[in-house]
Amino acid sequence: MTDPRRPTSLVVFPFKQEEVSVVASNLRIASAHESVAEVWAVAAAEDAAMAAVQSAAEDIHEGPIRVFAQERLGSLRSGKGDGMNTALARAAESGFGRVHFYDADITNFDRSWIDGAEAAADDGGYQVVRHRFPRASTDAMITWMITRPLLAKQFPGTVLPSLGQPLGGELLLGRSAVEALASDRFVRARSDWGIDTVITHATASLGFPMYEHNVLDGKRHALYGRLDEIRAMAIECLDAAISLRDRARPSSTGLFAADPPAPAPSDLKHTVAYDVGPTIELLTEGWSPEEQGLAESFPAGLRDEILANIDAPSFDFMTAEVWGETLDTLGSGFVLGDAAWESLAFRLWLMRVLAYTTKEALWGYDAAIGYLEQTIRDYEKGADHHGHR
Ligand SMILES: Nc1nc2c(ncn2[C@@H]2O[C@H](COP(=O)(O)OP(=O)(O)O)[C@@H](O)[C@H]2O)c(=O)[nH]1
Ligand SMILES: [Mg+2]
C-alpha cells in the first residue's frame, strides 16, 4: 500500500527555446504542489537554452527538479517526441504513480491544472486525463483541419473523433499507461511533432479509460504570425495521422467521459490567431516543377484549382468537402521527407485554412466553432457511409 500522503506524481515539461522566466515559474508551481514528488524539464539538446533553465532551476527550492537533455530514441526528426519518449522511458523505470506532461511555454499555468488532472484520476480512476481548453476560432488549425478530420475518417464510431484536442500536450498518464507507452515501438519511433497524435491513438486503442478535463481560461502561450512558422508541425502531424491508417481501431466500448462544454473567455472570441495577409503570399511562392507535377496527379476538378495558385492566390474552392477529398489523395500519396510533397501538402492545408478563415470564421466565435465541429461529424459520417472499416 502506498501512503496516500506521500506525493507520487511526476511532472514533465519538454522544452526547446522558451522564455526562461516562464519555464522557471512553471517548474516552481509544479514542484510546490503537494501531489508532486519530482519535476523534470527535458531539453531538446545540451545547449544554451538548457543551461539557462538549469541555472534558473537552482534557485527553486520547493521540491526536486531535474533538468536534462532528451536522448535520441526515435527514427524521424529529433524533436518533441524524443523529449517525451525520454521522459516516458525513465518514468517507466522509476516508481512514480502518475506522470503529467505540460508544455513549458504556458503563461497561465497554475496548480489548478495539476489539481484538475489528479482529481479526475482519483475520482474516476482514469488512466489518461487530457486537458482541453477553448482556443480562438482561427487557432488550432492543425487540429481542426488535419488531425481531427483524419481521425474521423479513419476511426469513425470510436472515441478518437470525439476528442477535442487530440494534439494536446497537457495530459496525465497513470502508471499502466506510462508502462504501455514506454514499451510501444511505434510511439518510441515518433520523435517529431507527431508524438501527440500517436500517444492519443495508442492510449485509446489500448482501451485505457480516458477523461477530458476543461481548463476554463484557455491555454495562454506563445502564438505565431505567418503560418509557415508551424510548417514542420503541420507536415509531421499530417504524416503521423496518416500513419495510423492501418493501426488498431479502438473498441467503441472504451470508457470515455469529459467535462461538459463551457463558454470561451471573451478575449479569445476576438483573437485572430495568425497573420492572414502574409500567409496568403505563401500560396504562390516557390512552386518547383516537381511540386507542380504532383499537383497534376490530383483529381481533375481539383487539379486546375490548385494549379491556379502558381499565378495568383486562390482558395475559396477548398470547402470542407473538397478538403476531405484532398486528404484522401494525400493519405495515399504523401511522402514525409520528400520536398515536393511537403511543399504541396503544406500549401493545400493553407488553402483550406484560408478558405475557412475568410468565410466561416467571420460568422462569430460560436458559429465558427459549431461549423468546425459539424465538419468533423460529417467526415465521420462520410467514412461510415463508404464502409471504411
Ligand atoms: N524536449 C523538447 N521539447 C520541445 C521540442 N520542440 C518543442 N518542444 C517543446 O514542446 C512544447 C510545445 O511546443 P510549442 O512550440 O509551444 O507548440 P504549440 O504550443 O503547439 O505551438 C513546448 O514546451 C516546447 O518548448 C524538442 O525538440 N524537444
Ligand atoms: Mg505553445
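**View 1. Ala202 and the residues it touches.** Leaving aside residues up to four places away in sequence, Ala202 touches Leu181, Asp184 and Val187; two residues are in contact if their C-beta atoms, placed from the backbone, lie within 7 Å. This is a predicted model, in which local features need pLDDT of at least 70 and side-chain atom pairs count only at pLDDT 80 or more, while totals for chains, interfaces and linings use all residues. To help you find your way, residues are numbered from 1 along each chain as its sequence is written, and chains are lettered from A and ligands numbered from 1 in the order in which they are written. Ala202 sits in helix α8 (residues 195-205); helices (H or I, at least four residues) and strands (E, at least two) are DSSP runs, numbered from the N terminus. Is Ala202 buried or exposed? Ala202 counts as buried because it has 21 C-beta neighbours inside 10 Å (buried takes 20 or more other C-beta atoms within 10 Å of the residue's own, exposed 12 or fewer, partly exposed in between, with C-beta atoms placed from the backbone).

**View 2. The surroundings of ligand 1.** Here 17 residues lie around ligand 1, and Pro14, Lys16, Ala44, Gly83 and Ala104 come nearest (a residue is near a molecule or strand if its C-beta atom, placed from the backbone, lies within 6 Å of it). β1 (9-15), β2 (36-43) and α3 (80-93) are the elements that each give two or more residues to this shell. By type, the shell holds seven nonpolar, five polar and five charged residues. For these classes, Ala, Val, Leu, Ile, Met, Phe, Trp, Tyr, Cys and Pro count as nonpolar, Asp, Glu, Lys and Arg as charged, and the others, Gly among them, as polar.

**View 3. Helix α12 against helix α13.** The axes of α12 (residues 289-296) and α13 (residues 300-307) come within 8 Å and cross at roughly 150°; axes are lines fitted to C-alpha atoms, for helices over the stretch in contact, and angles run from 0 to 180 degrees between N-to-C directions. The two helices, α12 and α13, are therefore roughly antiparallel to each other (angles over 145 degrees count as such). Gln292, Ala295 and Glu296 in α12 meet Arg303, Ile306 and Leu307 in α13. Three nonpolar, one polar and two charged residues make up this contact.

Note on methods. Angles under 35 degrees count as roughly parallel, over 145 as roughly antiparallel, 65 to 115 as roughly perpendicular and the rest as oblique.
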